[in-house]
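Me: I'd like to talk through the charged pairs and the cysteines in this one. Can you take me through them step by step?

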Amino acid sequence: MSYLLDSLETKEDIDRAITKTTDIVLVLRFGRNEDSTCLQLDHLLAKCAAELANMARIFIVDVDKVPVYTKYFDITLIPSTVFFFNAQHIKVDWGTPDHTKFVGSFRNKQDLIDVVEVIYRGAMKGKVIVTSPLDPANVPKYELIYKDI
């Protein structure tokens, strides 16, 4: 399904997408095209792209091609989905220790639509962090492990 979505290949492409996408949510999926969980998420993203066209623009990013952003967003688990609005990184309180990204795949199409809608409505009101509309049982659980502290 990765071939149905636009891909950002370089740091400059990502920078341009972040700065040029205005008044809609920018969704960046970080992962690998051959990973099964990434393919599952890509399938959901591709199915939702047309429905979310008025609220969101969706891109996929290969973590191996853009290591500067992979390191910046601390992408250690894939897929990870990061959201922006008017060049502002939007954080979501998922009920996990990390509010900067969603780790894993959404369970279904409606979960993804609900998240984008909440981010869009919150960002239009000037919020930089919103509360997840998802049932906590539908949010993948993981622990943050800090090395060399």
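Reply: Sure. One term to settle up front: a residue is called buried when its relative accessible area is under 20%. Also keep in mind that this is a predicted model.

Me: How many salt bridges does the structure hold?

Reply: Side chains of opposite charge can pair when their charged atoms come close. The cut-off here is a Lys or Arg side-chain nitrogen within 4 Å of an Asp or Glu carboxyl oxygen. Going by that, the count of salt bridges is 8.

Me: Take Arg29 and Asp42: are they buried or exposed?

Reply: These two form a salt bridge, with their closest N and O atoms 2.8 Å apart. The pair ties together distant parts of the chain, since Arg29 belongs to strand 2 (residues 25-31) and Asp42 to helix 2 (residues 36-49), 13 residues apart. As for accessibility, Arg29 and Asp42 are both buried.

Me: Which residue does Arg16 form a salt bridge with?

Reply: Look in helix 1 (residues 11-20), where the partner is 3 residues from Arg16, so about one helical turn separates the two. Arg16 is partly exposed at 46% relative accessible area, and the partner is partly exposed too, at 22%. The closest N and O atoms are 3.2 Å apart, and the partner is Asp13.

Me: How far apart are the closest N and O atoms of Glu117 and Arg121?

Reply: Both sit in helix 4 (residues 109-124), 4 residues apart, or about one turn of the helix. Glu117 is partly exposed, with 25% relative accessibility, while Arg121 has 52% and counts as exposed. They form a salt bridge, and the closest N and O atoms are separated by 2.7 Å.

Me: On to the cysteines. How many disulfides does the structure hold?

Reply: A disulfide needs two cysteine sulfur atoms within 2.5 Å. The structure's disulfide count is 0.

Me: Which cysteine has the sulfur nearest to that of Cys38, then?

Reply: Cys38 is in no disulfide, because two sulfurs have to be within 2.5 Å and the nearest cysteine sulfur is 16 Å away. Cys38 is buried, with a relative accessible area of 0%. The nearest sulfur belongs to Cys48.

Me: And Cys48, what is its relative accessibility?

Reply: Cys48 is in no disulfide either, and its nearest cysteine sulfur is that of Cys38, 16 Å away. The cut-off for buried is under 20%, so Cys48 counts as buried, its relative accessibility being 0%.

Conventions
Residues are numbered from 1 along each chain as its sequence is written. This is a predicted model: local features need pLDDT of at least 70, side-chain atom pairs count only at pLDDT 80 or more; totals for chains, interfaces and linings use all residues. Side-chain values use heavy atoms; hydrogens and water are left out. Buried means under 20% relative accessible area, exposed over 50%, partly exposed in between (1.4 Å probe, protein chains only).
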